[in-house]
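I sat down with a structure that was new to me and kept notes as I went. Here is what I looked up, entry by entry.

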Amino acid sequence: MRLPKFEYRVPRTVAEAVKIVADVGAEAQFVAGGTDLYPNMKRRQQMPKTVISVMRLPELNRVTGAGDQGTVIGASVTLTEICENEIIKRDYPVIASATRTISTPILRNMGTIGGNLLLDTRCNYYDQNYEWRKAINFCLKKDGDVCWVAPGSSKCWAVQSSDLVPVMVAIGAKFRLVSAAGERMVEAREFYKDDGIDYMNKRPDELLVDIHLPPTNGWRASYQKLRRRGAFDFPVLGVAAYVRLDRDAVIDAKIVLGGIAPSPVQVADAAQALIGKTLDDDQIQAAAEAAYVKARPLDNTDFVYQWRKQMARQYTIRALRELM
Ligand SMILES: Cc1cc2nc3c(=O)[nH]c(=O)nc-3n(C[C@H](O)[C@H](O)[C@H](O)COP(=O)(O)OP(=O)(O)OC[C@H]3O[C@@H](n4cnc5c(N)ncnc54)[C@H](O)[C@@H]3O)c2cc1C
Ligand code: SF4
């Protein structure tokens, strides 16, 4: 598969980057490592005429702060750098360990945290070459008018498949977006939308500049990923668990499921099963049951979807046991 022709721009400042995208308009798209965008372009799913690299923007290439006051990670920091960063490993081990599960070492050398958080949604009927998609007359997400997963549906159910998204939602990260019109901060939990086509609360002209992690004052988090091959594969279920403890009692909790729907799924009943209690096997079982009830994967990724639903229970147990 060949890339379509495009113009490649390499701005050196954030102001220059957002000016280019504002000037070019809808035909422009940012690229970081290109591990998601370039395959999509080869499959003719995304066809920007101007591709704007965000890899030479110094503001996007640094990690500042630490766990005691909060940490800011530039969007172009590579996944390998995340895995190896001493502050992230020490203060946010859940981010380092979840990042280590993403794809392969070579892709982690190229891929960035920003690209990961803005990953396109995935579906067995969509992640195919142009001829394959043409043979089924395409689908709602691109060039067609029917959803092959749920033919009666007017909505696309392509799956949010990033490993870091459920973690960012669980720990309460914020994203800073900059455009020619100004800047805004969005909570990770408000950033993702339950629609496989319109899946982000972000305009195309907005540049993700950095990711703001909260201070690590008394919370712990873990992440468990279901995939076919341990060496590399997208998650077809990811469970992020977050608890804040006061002595033995859980005073805050979040369970967030990834890889099963167009957006990360926060399970409020699982949190309620934990808050105000001791983190023991009975409470973990109750939270896992709530995650199982809430998980409603569809038949558009690897593995039988009914089994992925069953696994929501097991992976929630694993994630919470890690925090005991
Ligand atoms: C074989 C394979 C296996 C993979 N396995 C996994 C996996 O297990 N888990 C997982 O989570 N991912 C996986 N990925 C997806 C991908 O490699 C990673 O998510 C990676 O982090 C994407 O980052 P990138 O910098 O390459 O993104 P890019 O491809 O450069 O960009 C992705 C999207 O983000 C936009 N973008 C990038 N940076 C910015 C910015 N700063 N501001 C605004 N828009 C921006 C681009 O326009 C594009 O739409 C896999 C990919 C492949 C090819
Ligand atoms: S969920 Fe439906 S519309 Fe969305 S990509 Fe898959 S087949 Fe296409």
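**Entry: a five-strand sheet**

I began with an open sheet of 5 strands, paired antiparallel in the order S4-S5-S8-S6-S7. Everything here comes from a predicted model, so I read it as such. Which strands stand at the edges? They are S4 (63–66) and S7 (182–187); each has a single partner strand, so one side of each is left without a neighbour in the sheet. I also looked up the twist: ignoring direction, neighbouring strands of this sheet are turned by 20° against each other on average.

Next I picked one pair inside this sheet. Strand S5 (residues 70–74) and strand S8 (residues 207–213) run antiparallel and are joined by 4 bridges. Thr-71 has Leu-213 of S8 standing opposite. A reminder to myself: strands of a sheet pair through backbone hydrogen bonds, either parallel or antiparallel.

Then I checked what lies on S8. Helix H1 (residues 14–24) lies across strand S6 (174–179) and S8, and runs at about 130° to S8.

**Entry: a four-strand sheet**

There is an open sheet of 4 strands too, in the order S9-S10-S11-S12, with antiparallel pairing. I noted its edges: S9 and strand S12 (265–266) each have a single partner strand, so one side of each is left without a neighbour in the sheet. Helix H9 packs on this sheet, touching S9, S10, strand S11 (249–258) and S12. The direction of H9 makes about 155° with that of S11.

I followed S9 and S10 along their pairing, which is antiparallel and covers 8 bridges. Leu-226 stands opposite Leu-237 in S10.

**Entry: nonpolar cores**

Which residues of the largest nonpolar core touch the most other members? My list reads Ile-95, Met-168, Phe-175, Leu-207 and Ile-211, out of 53 residues in that core. Helix H9 (residues 164–171) gives the largest share of this core, with 7 residues.

I took a closer look at Met-168. Leaving aside neighbours within four places in sequence, I found Met-168 in contact with Ile-95, Ile-113, Leu-117, Ala-173, Phe-175, Ala-188, Ile-211 and Leu-213. Among these, Ile-95, Phe-175 and Ile-211 are back from my list of core residues that touch the most other members. Leu-213 is back as well, from its place opposite Thr-71.

Apart from this core lies another, of 32 residues. Its members include Leu-226, Val-239, Ala-290 and Ala-295.

**Entry: a proline in a loop**

I went to Pro-235 next, in the loop between strand S9 (219–226) and strand S10 (237–246). Is Pro-235 buried or exposed? Its relative accessibility is 3%, so Pro-235 counts as buried.

What does Pro-235 touch? Not counting residues up to four places away in sequence, I wrote down Ser-161, Ser-162, Asp-163, Tyr-223, Lys-225, Leu-226 and Gly-259. One of these sits far along the chain: Asp-163 is 72 residues from Pro-235 in sequence, yet their C-alpha atoms are 6.7 Å apart.

**Entry: salt bridges**

How many salt bridges are there? The count comes to 22.

I started with Lys-225 and Asp-163, both among the contacts of Pro-235. Their side chains meet in a salt bridge at 2.8 Å, N to O. Lys-225 lies in strand S9 and Asp-163 in the loop between helix H8 (130–135) and H9, so the pair ties together parts that are 62 residues apart in sequence. Both Lys-225 and Asp-163 are buried.

Arg-321 and Asp-281 came next, with their closest N and O atoms 3.4 Å apart. Arg-321 is in helix H13 (residues 305–321) and Asp-281 in helix H12 (residues 281–294), so this pair ties together parts 40 residues apart in sequence. Arg-321 is partly exposed at 45% relative accessibility, and Asp-281 is partly exposed at 40%.

I also found a network: salt bridges that share partners join Glu-59, Arg-176, Glu-183 and Asp-210.

A further pair is Lys-142 with Asp-143, at 3.2 Å between the closest N and O atoms. Lys-142 is partly exposed at 23%, as is Asp-143 at 47%.

**Entry: cysteines**

Last, I looked for disulfides and counted 0. Cys-83 is buried, at 11% relative accessible area. Cys-147 is buried too, at 6%.

Key. Residues numbered from 1 in each chain as written. Chains lettered and ligands numbered in written order. Predicted model: local features only at pLDDT ≥ 70, side-chain atom pairs only at ≥ 80, totals over all residues. Heavy atoms only, no water. Core = buried A, V, L, I, M, F, W, Y, C linked by side-chain atoms within 4.5 Å. Buried < 20%, exposed > 50% of the residue type's maximum accessible area, 1.4 Å probe, protein only. Helix = DSSP H or I, 4+ residues; strand = E, 2+ residues; numbered from the N terminus. Contact = heavy atoms within 4.5 Å. Salt bridge = Lys/Arg side-chain N within 4 Å of Asp/Glu carboxyl O. Pairing = 2+ DSSP bridges. Axes fitted to C-alpha atoms, helices over the stretch in contact; angles between N-to-C directions. Disulfide = S-S within 2.5 Å.
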